[in-house]
Structure formats: structure tokens, C-alpha cells
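Good morning, and thank you for making time for this presentation. Please look at the sequence and the model as they come up on the screen.

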Amino acid sequence: MDRGETMQFSTRAIHTGGANESAAGDVVPPIHLTTIYSYAEPGVTQAGYEYIRYGNPTRCALEECIASLENAPAACPSLCFSSGQAAVDCALRILRPGDALLVSEDIYGGTVRLIEEIIRPMGVEVVFASTLDMESFLTHLTSKTRLIWVETPSNPLLRVTDVPTLCQRAHQNGTLVAVDSTFGTPYFQTPLDWGADIVMHSMTKYMGGHSDLLGGVLTVRDPALRAQLFEVQKVSGAVASPFDSWLTLRGLRTLAVRMRTHAHNAQKVAEYLEQHPKVSRVYYPGLPSHPQHELAKQLMTGFGGMVGFEIKGNVNEARAVLQNTKLFLLAASLGGVESIISYPVLMSHAAMTREERYARGIQDNFLRLSVGLEESEDLIADLENALATL
Ligand SMILES: Cc1ncc(COP(=O)(O)O)c(C=O)c1O
């Protein structure tokens with residue numbers, strides 16, 4: 001399938017993985033609801049499809065579209081899963097007992113749990129370390145390190161990792177690098193171009209974009225690695241459903257315009273919070289005060305829609321803010337059109353002890369915003385009202 005490599009992002013998002021297979025000329029790709037496909041003759045498929053878990057035209061359309069947006073080679077369509085976690089799980093299954101996994105310490109709490117509850121007990125040696133000082137992170141690289149897992153910008157502290165340097169050094173060691181790029185989205189960053197071997201997204205977030213689906217995706221640039229991951233996906237079975245694939249494909253059509261507004265609003269909100277007397281610290285890669293702002297400018301074409309901030313106070317003050325926003329909905333996820341406020345302490349990182357959280361830099365006064373597509377003036381007024389209760 002032509003992925004329109006020479007075309008710009010939005011054009012590819014709208015025209016790749018389209019309706020071109022439809023005899024009826026559908027402008028919108030159809031949802032293929034069929035479990036099985038009839039064979040042309042025994043052992044010979046009509047169009048490459050046999051059984052829904054192995055492949056489905058709606059899912060394949062999505063996989064072509066995402067691969068195009070991630071600048072993956074033609075031989076490597078993406079692999080779409082039933083959740084972000086299923087995608088992470090599939091990628092981590094390339095590890096074998098005795099291998100080592102090096103992980104950046106600021107990552108989604110669910111990934112930490114997957115690693116601690118499933119991967120470490122499998123006999124994989126796991127090391128968590130901060131990527132803020134790359135040289136010190138790299139001291140953990142050993143001859144056993146098969147995979148490095150990083151998230152950039154990270155959840156929830158919006159740390160930016162120097163993935164190009166990391167990849168250079170990892171590859172000299174024969175180590176693969178996987179990047180959870182959920183916060184950045186392929187609109188603002190394409191980690192394969194930095195040298196990453198695996199790019200992962202929770203499609204539940206910005207790719208779907210409307211808080212109405214669950215999905216995940218892996219994209220790679222080595223066909224052999226893709227074949228290995230596809231085999232795991234096929235036999236373990238956590239594939240994206242046709243309907244979620246269709247919804248995600250629809251979301252991708254507007255990813256560029258949504259991300260531009262998310263980033264515009266997030267910048268305004270971050271700048272507002274930074275000058276607020278009751279806010280002690282703001283985390284947003286688009287702020288000059290962000291410790292990796294220069295790196296973010298080199299790696300990203302925009303800084304995304306996620307903002308973190310610390311208020312002057314502790315759990316009680318955090319609760320007061322959470323309970324007094326009206327537009328910012330108190331909810332767990334991110335990346336939808338509506339703005340969301342969340343509290344990692346009691347939500348995404350609730351499984352960690354206070355000591356573990358503090359060691360990772362997540363304090364009791366830390367709040368996370370997914371800045372939506374409402375008007376920034378209204379969002380700022382909403383935060384102003386909530387902060388006035390402190
Ligand atoms: C950065 C990041 N990665 C992975 C996931 C897991 O994705 P899902 O909830 O789609 O399984 C999340 C979910 O919040 C996330 O924020």
C-alpha cells in the first residue's frame with residue numbers, strides 16, 4: 001500500500017489506510033466485522049486474511065496509517081493491540097530469563113507494575129534509573145541488557161530523554177531501545193528517526209483523542225523484529241478490535257489540528273500557572289524554565305498537551321484544587337478533547353509507597369493536567385477559581 005511518504009503529516013493521516021479497497025468507493029474506511037474470511041482454495045486466502053486475530057482489514061488500515069505517521073519503513077506496518085498495556089507487554093516479551101532490562105524511572109505506573117509483577121518474576125534483571133543524567137543512566141548498561149525502556153516526555157513529570165544519544169550508545173552494546181511516545185504523539189516526535197527500535201503508544205490517549213476507546217500500538221523499523229512481535233501478538237491474542245481500530249483511524253484524521261490546539265492551550269496554562277503565587281513549580285517542556293527545554297526544542301516540533309504542577313501545600317490543598325475545578329474533570333486518563341485534572345498520588349501511581357514516589361520525584365502536592373481543546377481563557381479561569389480556594 002502506498003503510504004504517501006513524500007506527503008505532509010496531515011495528508012498522510014487523512015489518506016493513508018483509507019477506503020481504497022472498497023468496491024463501493026467508501027470515503028470512510030468500513031468497519032470489517034467478520035471473524036473469518038473464506039479461502040480462494042484450500043490454504044490460499046483471497047486477500048491475505050484468514051482469521052480476525054491474525055489480521056483484519058480495518059486494523060490493517062490503521063496499522064498502515066500509524067506506520068506512515070511514525071516514518072516506519074514500508075515492510076513494517078505497525079501492530080495494534082487491545083490496550084497500551086498489551087502493546088507494552090508484547091514488546092517486553094522479547095526478553096528471556098537472564099536478560100537485563102534498563103528502565104527510565106519516570107514512567108507510567110501501570111508499566112512499572114507490569115515490569116514488577118510479570119517481567120521481573122520471569123527471571124529478567126530489572127534496573128530503574130533516571131535518564132536526566134544520561135552518562136549515569138548508561139553506567140547501568142551491561143552485556144546482559146537486551147532492552148532499554150524509556151518514556152519521553154514522561155508520565156507524570158514531563159521529563160525529556162536524549163533518545164538519540166541513548167540509541168547510539170545502546171546500539172554499540174547490542175541493546176534495543178523502546179520509547180513510549182504517548183505524550184509526544186507522532187505529530188510532535190518520531191522516535192524511529194532518533195534511532196529507536198520500538199515506538200509504543202497508548203492509542204487510548206491522543207491518537208484516539210476522544211476518550212472513547214482502548215488501544216495500543218507498537219511500530220518498529222526492523223522487519224525481523226516486527227515478525228517476532230507479530231508472532232507474540234498473534235499467539236497471545238490481545239489485538240485491537242475492528243471498532244476500536246476504526247475509532248482510532250478516525251481520531252488520527254484530526255490528530256494534527258488537535259495537537260496544535262492542545263499544545264497552544266497547554267503553553268498558555270503553563271505560563272499562567274508559573275506566575276501564580278500558590279504554585280511552586282510547573283512542569284511543561286515548552287517553558288524556558290523546564291530543565292530539558294533546549295533538548296525538547298531539538299527533538300520535538302511541539303511540546304504536547306500535558307502539564308504538571310506543584311502547589312504550595314500538601315494532600316489537603318491538592319484535594320481542594322481537585323474538587324474545585326469545573327471544566328477540568330477529575331479523571332484518570334488523558335489526551336481527549338476535554339480537559340482533565342488528575343492526582344498521580346491517588347491515581348496512576350497509587351500502587352507505590354510514598355517513599356518510592358518521592359524517590360521518583362512525585363510529591364504529595366503534584367497535580368497533572370491534560371489540557372483539552374476548550375478555549376484557554378476558560379481553562380485558566382477554571383484554574384484561577386480552584387486555586388483561589390487555597
Ligand atoms: C504513558 C502511558 N503509557 C501507557 C499507558 C497504558 O495504556 P492503556 O491504558 O491504553 O493500556 C498509559 C495509560 O495511561 C500511559 O499514560
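Is Cys76 buried or exposed? Cys76 counts as buried, because its relative accessibility is 0%. I should say at once that this is a predicted model, and what follows should be heard in that light.

Let me stay with the cysteines for a moment. How many disulfides does a search of the whole structure find? The search returns 0 disulfides. For a disulfide, two cysteine sulfur atoms would have to lie within 2.5 Å. The cysteine sulfur closest to that of Cys76 belongs to Cys90, and the separation is 14 Å, so a bond is ruled out by distance. For Cys90 the closest cysteine sulfur is in Cys80, at 12 Å, which is also too far for a bond. Cys90 is itself buried, because its relative accessibility is 2%.

Cys90 brings us to helix H3, where it is one of the buried residues. How many of the 9 residues of H3 are buried? The count is 8, so the helix is largely enclosed by the rest of the structure. The buried residues are Gly84, Ala86, Ala87, Val88, Asp89, Cys90, Ala91 and Leu92. At the N-terminal end of H3, Ser83 acts as a cap, with a side-chain oxygen 3.3 Å from the backbone nitrogen of Gln85.

Gln85 leads directly to the ligand. Which residues are closest to the ligand? They are Gln85, Asp180, Ser202, Thr204 and Lys205, out of 15 residues that surround it. From Gln85, a backbone N or O atom lies 2.9 Å from an oxygen atom of the ligand. Asn155 places a polar side-chain atom 3.1 Å from a ligand oxygen. In the case of Thr204, an N or O atom of the side chain is 2.6 Å from an oxygen atom of the ligand. The ligand taken alone exposes 390 Å², and the protein buries 92% of that area.

Where does the ligand sit? The space it takes is the largest pocket. Two elements, helix H3 (84–92) and strand E8 (198–202), give two or more residues to the shell around the ligand.

From strand E8 I would single out Ser202. Ser202 is buried, because its relative accessible area is 11% and the cut-off is 20%. Its side chain makes a polar contact of 3.2 Å with the side chain of Thr204. Thr204, as we saw, has a side-chain N or O atom 2.6 Å from a ligand oxygen.

Two further positions deserve a brief mention. The first topic is Gln189, in the loop between helix H7 (185–188) and helix H8 (191–194). Gln189 is buried, with a relative accessible area of 2%. Gln189 and Gly304 are 115 residues apart along the chain, and their C-alpha atoms are separated by 9.9 Å.

The other topic is Ser10, in helix H1 (residues 9–15). Why is Ser10 classed as partly exposed? Its relative accessible area is 29%, and that class covers values between 20% and 50%. Ser10 and Asn173 lie 163 residues apart along the chain, with 37 Å between their C-alpha atoms.

To close, I return to the ligand in this predicted model. The ligand occupies the largest pocket, and helix H3 and strand E8 each give two or more residues to the shell around it. Thank you for your attention.

Conventions
Residues are numbered from 1 along each chain as its sequence is written. This is a predicted model: local features need pLDDT of at least 70, side-chain atom pairs count only at pLDDT 80 or more; totals for chains, interfaces and linings use all residues. Side-chain values use heavy atoms; hydrogens and water are left out. Buried means under 20% relative accessible area, exposed over 50%, partly exposed in between (1.4 Å probe, protein chains only). A residue is near a molecule or strand if one of its heavy atoms lies within 4 Å of it. A polar contact is a pair of N or O atoms within 3.5 Å; within protein, one must be able to donate a hydrogen and the other to accept it, and residues adjacent in sequence count only if both atoms are side-chain atoms. Accessible areas come from the Shrake-Rupley method with a 1.4 Å probe; for residues, only the protein chains shown count as cover. On a 1 Å grid over the protein atoms alone, a cavity is a set of points where a 1.4 Å probe fits but cannot get out, and a pocket is an open set with protein on both sides within 12 Å along at least five of seven lines; lining residues have an atom within 4 Å of a point. A molecule sits in a cavity or pocket if more than half of its atoms lie within 2 Å of its grid points. Helices (H or I, at least four residues) and strands (E, at least two) are DSSP runs, numbered from the N terminus.
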